[in-house]
Amino acid sequence: MTTEDSKTAESDWWSTAIIEMEPGVIRYRGYAIEELIGRASFSQMIWLLLRGELPGREQAELLDIALMAAVDHGPQAPSIAIARMAATCGLGLNNAMASAVNVLGDVHGGAGEQALEIYQRIAARIEAGATLEDACAAELEAFFAGDGRFLPGFGHRFHPVDPRAPRLLEMVDHYAEQGSVGGRFAAIARTLETALAARKGKAIPLNIDGATAVIYGELGFPAPLARGLFCLSRSVGILAHAWEESQSGLRNKGPLPRERLWRYDGPVPRPVPEQT
């Protein structure tokens, strides 16, 4: 192998279309960093790195709205509570943040991705010829006929109506009126909400996960990225809470006050048996 071939093989160890870098040069998707600084916002950079091109102004604004809306939900959210507990254990901010982000899984953090998957399946049914109402009804039937119990993106254990969701849909409507997005996923979410209420006999309103899934769908993001974007968004609240707790001076603060211990439901007191 020639020296040139060896260099080529080494450079091919990793290949990426995201960043080009050499001494004195940094380019993201072909754009020089010094030209992006002061011209591109953080949300525009997120879009550029994930999608390959810079977004339009309205697209970036709508992405920013979704990211802003989900930054925090207080210490009753497991990720925030874990960030605060980790900080009292003497961990640095990066460790506290990592501990918190690691619990953003299918149950806490994954509903946006799951909701968008449902919306996209409904959209596929419509493209195949079904009406909006029939497509929503069929998807609901399929969901509950399987292992589904709680429809992702709907209902909230804390809020009777999640105050973030209606406003987010208002913003989608605003950008749809401008022609920046099509409004298809907003219509799907609203029709699904109506069909779910009819099926359950009570209103189960859209929540933050369902509403941000609408935005990510309108903007053309694949469903798995909805979870990654939620992690980026919630990391802001995680950082704020970890920093605040780190300044409190408290040590080893657990999930319950010391005077309120857990309920023990194991065996009654018993002697250790003699060894035979």
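Me: Is cysteine 231 buried or exposed?
Reply: The model is predicted. Cysteine 231 has a relative accessibility of 17%. Buried means under 20%, so cysteine 231 counts as buried.

Me: What is the relative accessible area of cysteine 136?
Reply: Cysteine 136 is buried, which places its value under 20%. The relative accessible area of cysteine 136 is 0%.

Me: How many disulfides does a search of the whole structure find?
Reply: A disulfide is a covalent bond between the sulfur atoms of two cysteines. To count here, the two sulfur atoms must lie within 2.5 Å. The search covers the whole structure, and its number of disulfides is 0.

Me: Which residues make the nonpolar surface patch of about 340 Å²?
Reply: One member is isoleucine 26, which sits in strand 2, residues 25-28. A patch residue needs over 30% relative accessible area, and isoleucine 26 has 32%, which counts as partly exposed. The full set is Ile18, Ile19, Met21 and Ile26.

Me: Which residues of helix 5 are buried?
Reply: Helix 5 covers residues 78-88. Its buried residues pack against helix 6, residues 93-101, and against helix 12. An α-helix has 3.6 residues a turn, so residues three or four places apart point the same way. The buried residues of helix 5 are Ser79, Ile80, Ala83, Arg84, Ala86, Ala87 and Thr88.

Me: What positive phi does glycine 90 take?
Reply: Glycine 90 comes just after helix 5. The phi of glycine 90 is positive, at about 90 degrees.

Me: How far apart in space are glycine 249 and glycine 90, C-alpha to C-alpha?
Reply: Glycine 249 is in the segment after helix 12 and counts as exposed, at 62% relative accessibility. Along the sequence, glycine 249 and glycine 90 are 159 residues apart. In space, their C-alpha to C-alpha distance is 9.8 Å.

Me: With which residue does arginine 84 form a salt bridge?
Reply: Side chains of opposite charge can pair when their charged atoms come close. In this pair the closest N and O atoms are 2.7 Å apart. The pair links distant parts of the chain, with arginine 84 in helix 5 and its partner in helix 12, 160 residues apart. Arginine 84 is buried at 16%, while the partner is partly exposed at 47%: it is glutamate 244.

Me: Which side chain makes a polar contact with the side chain of histidine 241?
Reply: Histidine 241 lies in helix 12, residues 223-246, and counts as buried at 10% relative accessibility. Beyond its neighbours within four places in sequence, histidine 241 is in contact with Asp72, Gly74, Pro75, Ile80 and Arg84. The polar contact, at 2.8 Å, is with the side chain of aspartate 72.

Me: In which helix does glutamate 113 lie?
Reply: Glutamate 113 forms a salt bridge with arginine 227, with 2.7 Å between the closest N and O atoms. Arginine 227 is in helix 12, so the pair ties together parts that are 114 residues apart in sequence. Both arginine 227 and glutamate 113 are buried. Glutamate 113 lies in helix 7.

Me: What is the N to O distance in the salt bridge of arginine 263 and aspartate 265?
Reply: Arginine 263 is exposed, with a relative accessible area of 69%. Aspartate 265 is exposed as well, at 60%. A salt bridge requires the side-chain nitrogen and carboxyl oxygen to be within 4 Å, and for this pair the distance is 3.8 Å.

Me: Which residues are joined into one network by salt bridges that share partners?
Reply: One of them is glutamate 61, placed in helix 4, residues 57-69. Glutamate 61 is partly exposed, with a relative accessible area of 28%. The side chain of glutamate 61 also makes a polar contact of 2.7 Å with the side chain of tyrosine 175. The network joins Arg57, Glu58 and Glu61.

Me: How many salt bridges does a search of the whole structure find?
Reply: Among them are the pair of arginine 84 with glutamate 244 and the pair of arginine 227 with glutamate 113. The search of the whole structure gives a number of salt bridges of 15.

Conventions: Residues numbered from 1 in each chain as written. Predicted model: local features only at pLDDT ≥ 70, side-chain atom pairs only at ≥ 80, totals over all residues. Heavy atoms only, no water. Buried < 20%, exposed > 50% of the residue type's maximum accessible area, 1.4 Å probe, protein only. Patch = residues over 30% accessible without salt bridge, like charges linked within 9 Å, V, L, I, M, F, W, Y side chains within 5 Å. Areas by Shrake-Rupley, 256 points an atom, 1.4 Å probe, with all protein chains shown as cover. Helix = DSSP H or I, 4+ residues; strand = E, 2+ residues; numbered from the N terminus. Polar contact = N/O pair within 3.5 Å; in protein donor to acceptor, adjacent residues only side chain to side chain. Contact = heavy atoms within 4.5 Å.
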